[in-house]
Structure formats: structure tokens, C-alpha cells
Amino acid sequence: PWVPLWRQQSGYTDGHDGPVYGHNELDPQQAVVSVQERLQRQGYYDGSIDGSLGPITRGALAAYQSDQGLAITSAIDQPTLATLGLI
């Protein structure tokens, strides 16, 4: 399952606060890659598939969340993962 991992637990840093999500054996960076790939396929993300939860990824997340009627958090959260078909 996808579970929240705090940065200090995972060692993942991207300059933002809050949890990042990892899935089974995937580290958070690989989880971000999975989200970037899904967002790109759906036309929301046109940046590099780099595993960074930076401003381009966050903007794509916000646009996707808005279009899906989700809370606009610009974060990889459970409702977003569910609508992306990742959980």
C-alpha cells in the first residue's frame, strides 16, 4: 500500500514540508516518478520525469486535483493517488 513517509524517515528531501508517499518497496523519489508519469500521460505534466516534487510537479498536481474535484493540496496524497489509479 501507499503510505506517508516523513522526510526524516525516508531520507528524501525536496525542500518542502509534510509527508511524501512511498509504495511497498518504492522509495518516495520513485513514487514521485510514478505520479509524474501518470500526470504526463494525462496531459498535466510536461516537465522532466525526475522524481522531484518541485514547482512544476506541484502545479501539475494542483491542476489535476482541481479538475478531479479534489482538495487542491499540490501534494501527493491518498485521494490523488486513488484517482490516478495508483492505489
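**View 1. Contacts of Thr80 in the predicted model.** Leaving aside neighbours within four places in sequence, Thr80 is in contact with Leu61, Tyr64, Gln65, Leu70 and Ala75. This model is predicted. Thr80 sits in helix H4, which covers residues 78-83. With a relative accessible area of 1%, Thr80 is buried, because the cut-off for buried is under 20%. Among its contacts, Leu61, Tyr64 and Gln65 also appear in the list of buried residues of H3.

**View 2. The aromatic pair Tyr44 and Tyr64.** The structure holds one aromatic pair. Tyr44 and Tyr64 form this pair in an edge-to-face arrangement, with 5.2 Å centre to centre and 90° between the planes. Tyr44 lies in the loop between helix H2 (28-41) and helix H3 (55-68), while Tyr64 belongs to helix H3, so the pair ties together parts that are 20 residues apart in sequence. The two rings come from residues with unlike burial: Tyr44 counts as partly exposed at 24% relative accessibility, whereas Tyr64 is buried at a relative accessible area of 1%. Tyr64 is also one of the residues in contact with Thr80.

**View 3. Helix H3 and its buried residues.** H3 has 14 residues, and the distance from its first C-alpha to its last is 20 Å, close to the 20 Å expected at 1.5 Å a residue. Its buried residues are Thr57, Arg58, Ala60, Leu61, Ala62, Tyr64 and Gln65. An α-helix has 3.6 residues a turn, so residues three or four places apart point the same way. Within the buried set of H3, Tyr64 takes part in the aromatic pair with Tyr44, and Leu61, Tyr64 and Gln65 are in contact with Thr80. Just after H3, Gly69 takes a positive phi of about 75°.

**View 4. The protein chain as a setting for the close-ups.** The protein chain has four helices and two strands, and along the sequence these follow the pattern β-α-β-α-α-α. Of its 87 residues, 40% count as buried; Thr80 and Tyr64 are among the buried residues. For contacts between residues at least 6 apart in sequence, 27% join residues at least 24 apart. The chain exposes about 4,700 Å², and carbon and sulfur atoms supply 49% of that area.

Notes: Residues are numbered from 1 along each chain as its sequence is written. This is a predicted model: local features need pLDDT of at least 70, side-chain atom pairs count only at pLDDT 80 or more; totals for chains, interfaces and linings use all residues. Side-chain values use heavy atoms; hydrogens and water are left out. Buried means under 20% relative accessible area, exposed over 50%, partly exposed in between (1.4 Å probe, protein chains only). Contact means heavy atoms within 4.5 Å. Rings of Phe, Tyr and Trp (its six-membered ring) pair if their centres lie within 6.5 Å; planes under 30 degrees apart count as stacked, over 60 as edge-to-face and the rest as tilted. Accessible areas come from the Shrake-Rupley method with a 1.4 Å probe; for residues, only the protein chains shown count as cover. The expected span of a helix is 1.5 Å times one less than its number of residues.
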